[in-house]
Amino acid sequence: MVKRTLANTVYPVVELTKNDDGKFVLSSNSTMKNFSIVFNLDEEFDEETLDGRQVKAIIRQDGNKLVHVQKHSKHSDTTIVREFEPDQLKMILTIDGITCTRIYKAIE
């Protein structure tokens, strides 16, 4: 419960960039924790989640959305949909029928 309370007070900065080699970099930086993943669309890759799980992940593009699926042998699959709009990023995370939505506002 303490981690949840702290997480609600954090305002991460999320950035998606594309390297010259065509790979994407998705990063999130905050006062609590930073992470970055490098990936190609539609190609499976190994990922360590923020809570330390080792998963197989794949990210595909669907219009203005990135659909990120994480598969773990001992846990349920996690789906993260990131919807990019001009003034915000909406992230919808679903696991075991539970859905969480987080809205990120654009930085000027």
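**Two antiparallel sheets and a shared nonpolar core**

Strands S2 and S3 run antiparallel and are joined by five bridges; strands here are DSSP runs of E with at least two residues, numbered from the N terminus, and two strands count as paired if DSSP finds at least two bridges between them. The model is a predicted one, in which local features need pLDDT of at least 70 and side-chain atom pairs count only at pLDDT 80 or more, while totals for chains, interfaces and linings use all residues. Residues are numbered from 1 along each chain as its sequence is written, and side-chain values use heavy atoms, with hydrogens and water left out.

Within the S2–S3 pairing, Ser28 has Phe35 of S3 as its bridge partner. Both strands belong to an open sheet of three strands, ordered S1-S2-S3 and paired antiparallel. Strand S1 (13–18) and S3 are the edge strands, each pairing on one side only. On average, neighbouring strands of this sheet are turned by 10 degrees against each other, direction ignored; the axes behind such angles are lines fitted to C-alpha atoms, and angles run from 0 to 180 degrees between N-to-C directions.

A further open sheet holds six strands in the order S4-S5-S6-S7-S8-S9, again with antiparallel pairing. Strand S4 (45–48) and strand S9 (98–105) each have a single partner strand, so one side of each lacks a neighbour in the sheet. Here the average turn between neighbouring strands is 25 degrees, direction ignored. Inside this sheet, strand S6 (residues 65–71) pairs with strand S7 (residues 78–85) in the antiparallel sense over six bridges, and Gln70 stands opposite Thr78 in S7.

Turning to the interior, the largest nonpolar core comprises eight residues: Phe24, Leu26, Ile37, Phe39, Phe45, Ala57, Ile59 and Leu66. Such a core is a set of buried Ala, Val, Leu, Ile, Met, Phe, Trp, Tyr and Cys residues joined through side-chain atoms within 4.5 Å, where buried means under 20% relative accessible area (1.4 Å probe, protein chains only). Strand S2 (24–29), strand S3 (35–39) and S5 each supply at least two residues of this core. Ile37 touches Phe24, Val25, Leu26, Phe45, Glu47, Ile59 and His68, leaving aside residues up to four places away in sequence; contact means heavy atoms within 4.5 Å.

Finally, Leu50 lies in the loop between S4 and strand S5 (54–62). With residues up to four places away in sequence again not counted, Leu50 touches Lys33 and Phe35. The C-alpha atoms of Leu50 and Asn34 are 8.7 Å apart, and the two residues are 16 residues apart in sequence.

Conventions
Helices (H or I, at least four residues) and strands (E, at least two) are DSSP runs, numbered from the N terminus. Buried means under 20% relative accessible area, exposed over 50%, partly exposed in between (1.4 Å probe, protein chains only).
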